Amino acid sequence: RMFHDDELEESEKFYVGQPRVLLLIYALYNTLVARSEMVCYFVIILNHMISASMITLVLPILIFLWAMLSVPRPSKRFWMTAIVYTEVAIVIKYFFQFGFFPWNKHVDYTKDKPYHPPNIIGIEKKEGYVHYDLVQLLALFFHRSILKCHGLWDEDEKGDSSSNKEDTDDELSLTGGRRGSSASLKSVNLAASVESIHVHFPEQQTAIRRKSSSSISQLSHRSSFSSHRSKRDIFKNINHITLSLYFLQCKLCAIKSHCGLCCFRTLQVYMPIRQFFYNLIHPDYSAVTDVYVLMFLADTVDFIIIVFGFWAFGKHSAAADITSSLSEDQVPEAFLVMVLIQFGTMVVDRALYLKKTVMGKVIFQVILVFGIHFWMFFILPGVTERKFSQNTVAQLWYFVKCVYFGLSAYQIRCGYPTRVLGNFLTKSYNYVNLFLFQGFRLVPFLTELRAVMDWVWTDTTLSLSSWICVEDIYAHIFILKCWRESEKRYPQPRGQKKKKVVKYGMGGMIIVLLICIVWFPLLFMSLIKSVAGITNKPLDVSITITLGGYQPIFTMSAQQNQLKSLDPSEFNDFLRSYRGNTAALQFLEGYAREDITRADLEGNSNSLWTISPPSRNKMIQGLTDFDADFTLVISWTIQRTLEEVYPYYIKAPSDSLAKPIKQLLKDCKWENITVSLVKNASEEWWVLNQLGKRHKTSHESLELFIFSDKVSPPSLGFLAGYGIMGLYASVVLVIGKFVREFFSGISHSIMFEELPNVDRILKLCTDIFLVRETGELELEEDLYAKLIFLYRSPETMIKWTREK
């Protein structure tokens, strides 16, 4: 064998024979070496999440706007910038740890203030101030050693020399943004004239490439590519000539004046950045890729984090939850802003993906990187009044957003795909794609929004209704294709009955599901209060008595110590007293001992009876009139018995309306009380006393038993508030409508559902997508007309869907 080496073969055998744990360690190390730049990115972002200062903010922005956008990999200049910057940051943090600085004398008072200047800058005194920076520096040194081992550390200089060979006459070329402007300017001869700068055109190279081609198709393709590249190179060379002349003029002016020197220094920084983004938008070669699905998933995860952790983005809302806020018809401002911003970025990202504009994506990336970092690290801490490093939910959201930034940079660097065909869930025909696609279509308004956005930002001749028609047909055919493929994978022999596993598995699950839906409101309302219910004891019990519409004669309330719970013996005696009363026992089954409260009210009114003399005289006349509605026994002390007016037992439901419990009253009659007017020389008040109290007391008093209904937990209160009939109307009937549509009307769709082979229809739909992407809009209209004719002609549909 050629290049056979016994030592290499023995080495390979040695490593293969090692234990699996050691092989796993080797594999992990090789993975770490292969992705050492990703390790550096992760450590830099982690350091910024922990520190959250202006010092650590620079490198994450450079990662997303420089390193990840560099082709084919970040340059040596970037890694040297990161290493030197990290070292300088460590020295600066160390220098400001000394105690003689004024802000270091009250560290405990200022350490949690987000807008304290040392905290914003990152020079505050704290324990472990440099730990993550040292780990970051170690990761950078490790990556530099890997590049040196593979000979990639000095690759930039080699790339520059090779580019100089191609563009010998263009001494100021800034290709790739990797050669320093100052180094390029050193090669400029100040005595050179305009005539000494020539333009190099690559027609000779393209001609040679055309001659070396052996295929006619390759000839035409390469010639068109060469002509396109020639035009681009001509534009680049002309652009370089203009830049060379401008640089020459600026350097001459810099020698003469200070203003010219400032302009020259500015151009030294601006021109490489401009050339870097120009080469990024107009690359010589493009490795087309499509990571839109991953970017969409990252945005979706951020959206979920916002919904379930919105309290982390607001002020004084650490104990809030979105369900309770929405149940009170309150939309938190922080939640609304976050949701709208997140949704808006997803819409813009979809538009850029459909238009395939790399320039728009670059601009959007720059705006989003600066905007997100400014908002997360300068605005949000002021809103929440806590540092970003103390906000775990915000840190998680930012980390997922960093993953999105990395994917966006990779998409920009590789370029958008030339064709966007169908949904990413329709690439294969299996059960996973089938159920995911159907779940995608069940999300309210998502399918409609996607269809309208695709129509707006895609070149087509179809109207919106025709576009939606094609999308619906394609979705329907895809679902049928998945079912036909599953039938081929798991065939069912003819004349064989269905297995019990299938019948009881699928049918039993549907039966249980339907039964649960029908009886869900009753089970929910019954269990929510009996199992998960919370005892709702009264805090205040008040009694007010008024005679004949005059000023109240008695007002009293019971609070705190006057509201007592029954002990076990009292509760058992209470139950035994109603042993023969079936209605009372049935009512008492729904209440436990802790649900009953006994209120002891003082018999003396807590307010004086201040009534005007005319009204007092009228009241006396009404009480002394036996034909009136007052059924009283009158004496000079104005003492009379009020019969069947006092509700001894009160039910306190979850709402605000308290009702008497007739089941516990003897013969459904209310209790009797006595009312007396007591007066001294200048004041008078009323005294009430209840007759037949359970707990005998010597002084005048009222006794009241309150039965408190359990209430649902706060997290489920929004659902329990609808009641049984509300749940039936809003849940059962709505779900029943969808279930009825599945079981009825099947006969009307047999012609479109029972299709043995849908490959031809599926290919017709994909052909429509393909010609649309290639710009053949007339052919798109023809294929659409063919598809519509196919669905209008049942006989043609039968021929098209026969098995081959």
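Reader: In this predicted model, what makes Asp759 count as partly exposed?

Author: The relative accessibility of Asp759 is 24%, and since buried means under 20% and exposed means over 50%, with partly exposed in between, Asp759 is placed in the middle class.

Reader: Which residue forms a salt bridge with Asp759, and why is the contact called a salt bridge?

Author: The partner is Lys481, and the closest N and O atoms of the pair are 2.4 Å apart; because a salt bridge requires a side-chain nitrogen of Lys or Arg within 4 Å of a carboxyl oxygen of Asp or Glu, the contact between Lys481 and Asp759 qualifies. Lys481 lies in helix H21 (residues 464–489) and Asp759 in helix H30 (residues 759–773), so the pair ties together parts that are 278 residues apart in sequence.

Reader: Is Lys481 buried or exposed, and how do you know?

Author: Its relative accessibility is 8%, and because buried means under 20%, Lys481 counts as buried.

Reader: What is the place of Lys763 and Asp767, and what makes their contact a salt bridge?

Author: Both residues belong to helix H30, where they are four residues apart, about one turn of the helix. Their side chains meet at 3.2 Å, N to O, and because the limit is 4 Å, this pair also counts as a salt bridge. Lys763, with a relative accessible area of 52%, is exposed because the cut-off is over 50%, whereas Asp767, with 24%, is partly exposed.

Reader: Which residues are joined into one network by salt bridges that share partners?

Author: The network consists of Arg350, Arg450, Asp454 and Glu471, and a search of the whole structure finds 21 salt bridges.

Reader: How do you know that Arg576 and Asp573 form a salt bridge, and where do they lie?

Author: The N to O value for their side chains is 2.1 Å, which is within 4 Å and therefore meets the criterion. Arg576 and Asp573 both lie in helix H24 (residues 568–576), three residues apart, about one turn of the helix.

Reader: Why are Arg576 and Asp573 called partly exposed?

Author: Arg576 has a relative accessibility of 45% and Asp573 has 42%; because partly exposed covers the range between 20% and 50%, each of them counts as partly exposed.

Reader: Which residues form the negative surface patch, and why is Glu7 called exposed?

Author: The patch is formed by Asp5, Asp6, Glu7 and Glu10. Glu7, which lies in helix H1 (residues 6–16), has a relative accessible area of 64%, and because exposed means over 50%, Glu7 is called exposed.

Notes: Residues are numbered from 1 along each chain as its sequence is written. This is a predicted model: local features need pLDDT of at least 70, side-chain atom pairs count only at pLDDT 80 or more; totals for chains, interfaces and linings use all residues. Side-chain values use heavy atoms; hydrogens and water are left out. Helices (H or I, at least four residues) and strands (E, at least two) are DSSP runs, numbered from the N terminus. Buried means under 20% relative accessible area, exposed over 50%, partly exposed in between (1.4 Å probe, protein chains only). Patches are made of residues with over 30% relative accessible area and no salt bridge: like charges are joined within 9 Å, nonpolar side chains (Val, Leu, Ile, Met, Phe, Trp, Tyr) within 5 Å. Accessible areas come from the Shrake-Rupley method with a 1.4 Å probe; for residues, only the protein chains shown count as cover. Lys and Arg count as positive and Asp and Glu as negative; His and the chain ends are not counted. The place of a charge is taken as NZ of Lys, CZ of Arg, CG of Asp or CD of Glu.
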